[in-house]
Amino acid sequence: MTRQGTMRRSIVGRWEPDARGRLERAALALYGERGFDQTTVEDIAVRAGLTKRTFFRHYTDKRDVLFAGAGVLQELVVRAVDSAPPTSTAIGAVVVGLEAAAGLLRERREEAGARQAVIDANPELHERELVKLSTLAQGIAGALRGRGIEARTATLSSEAGIAVFKVAFDRWIADAGRQDLVPLIHETLDELRAATSDDL
């Protein structure tokens, strides 16, 4: 191939649509094959057919591939909590937000499972996952306060909602036959209610 042809191919590859998606898919595949620590940014770029420079246009580092969608998820959930029916209880509004998250994840089940497997296998990623969930809880609590919910009730409801979502999500990922996360959210919430309905 001529130098001009090589340059043209490089430019086309660099600007080819869905570069972000290609990088994510390449990263998740490599993390599964080689392990997170053994995979470099260059490895990811090469697998995606792109350059390191293109990688850094979309992600700050190789961890960011796993967490870059957190902002989109939070925006979606908070907006859904904001728009829950006015008659909703605090936890009812939280569930509306969690259902919105489930709708987003429904189309990305394979990627969500692969992502979670990488995080579970690498203790150095656990803290960042906890920060993501804590930030999401804070966003939900803020939306609840915006609905007129008292601050402590808003915090308690948001934290309980995150706990419900995490348990439901783990069950959903583990059970390949379950197509929808929403029923698991409701089942897990019912289990929490049963666990806290003490007659003492």
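In which helix is Ser158 found? Select Ser158 and you land in helix H10, a good place to start the tour.

**Before you click further**

This is a predicted model, where local features need pLDDT of at least 70, side-chain atom pairs count only at pLDDT 80 or more, and totals for chains, interfaces and linings use all residues. Residues are numbered from 1 along each chain as its sequence is written, and side-chain values use heavy atoms, with hydrogens and water left out.

**Stop 1: the whole fold**

Switch to a cartoon view. The protein has eleven helices and zero strands, where helices (H or I, at least four residues) and strands (E, at least two) are DSSP runs numbered from the N terminus. Read from the N terminus, the order of elements is α-α-α-α-α-α-α-α-α-α-α.

Now colour by accessibility. Of the 200 residues, 39% count as buried; buried means under 20% relative accessible area, exposed over 50%, and partly exposed in between (1.4 Å probe, protein chains only). The protein exposes about 11400 Å², and carbon and sulfur atoms supply 55% of that area. These accessible areas come from the Shrake-Rupley method with a 1.4 Å probe; for residues, only the protein chains shown count as cover.

If you like contact maps, consider the contacts (heavy atoms within 4.5 Å) with a separation of 6 or more: residues 24 or more positions apart account for 62% of them.

**Stop 2: back to Ser158**

Zoom in on Ser158 again. Its relative accessibility is 1%, so Ser158 counts as buried. A polar atom of the Ser158 side chain lies 2.9 Å from the backbone oxygen of Thr155. Leaving aside neighbours within four places in sequence, show the residues in contact with Ser158: Val94, Ala137, Ile140, Ala141 and Leu144.

**Stop 3: Val94 and helix H7**

Follow the contact to Val94, which has its place in helix H7. Buried or exposed, what is Val94? Val94 is buried, because its relative accessible area is 0%. Not counting residues up to four places away in sequence, Val94 touches Val81, Ile140, Leu144, Ser157, Ser158 and Gly161. Try a distance label too: the C-alpha atoms of Val94 and Ile162 are separated by 8.9 Å, although the two residues are 68 apart along the chain.

Widen the selection to residues 90–106, the 17 residues of H7. From first C-alpha to last, H7 reaches 25 Å, close to the expected 24 Å; the expected span is 1.5 Å times one less than the number of residues. For its buried side, select Ala90, Ala93, Val94, Val95, Gly97, Leu98, Ala101, Ala102 and Leu105. These buried residues pack against helix H6 (70–82), helix H8 (109–121), helix H9 (123–146), helix H10 (151–174) and helix H11 (182–195).

**Stop 4: helix H9**

Next, pick H9. This helix has 24 residues and reaches 36 Å from its first C-alpha to its last, close to the 34 Å expected. The buried residues of H9 include Glu129 and Lys132, along with Leu133, Leu136, Ala137 and Ile140. What covers the buried residues of H9 includes helix H5 (64–67), H6, H7, H8 and H10. Just after H9, click Gly148, which takes a positive phi of about 95°.

**Stop 5: Glu24**

Move to helix H2 (residues 19–34), where Glu24 lies. At 15% relative accessibility, Glu24 counts as buried. Draw a dashed line from its side chain to that of Arg108: a polar contact of 2.5 Å joins the two. A polar contact is a pair of N or O atoms within 3.5 Å; within protein, one must be able to donate a hydrogen and the other to accept it, and residues adjacent in sequence count only if both atoms are side-chain atoms. Beyond neighbours within four places in sequence, Glu24 is in contact with Tyr59, Val65, Arg108 and Glu111.

**Stop 6: the aromatic rings**

How many aromatic pairs does a search of the whole structure find? The search finds five. Rings of Phe, Tyr and Trp (its six-membered ring) pair if their centres lie within 6.5 Å; planes under 30 degrees apart count as stacked, over 60 as edge-to-face and the rest as tilted. Select Phe55 and Phe56: their ring centres are 5.3 Å apart and their planes at 85°, so the pair is edge-to-face. The rings of Phe55 and Tyr59 have centres 5.6 Å apart and planes at 45°, so this pair is tilted. Ring pairs link Phe55, Phe56 and Tyr59 into a cluster. Phe55 and Tyr59 are buried, whereas Phe56 is partly exposed at 44% relative accessible area.
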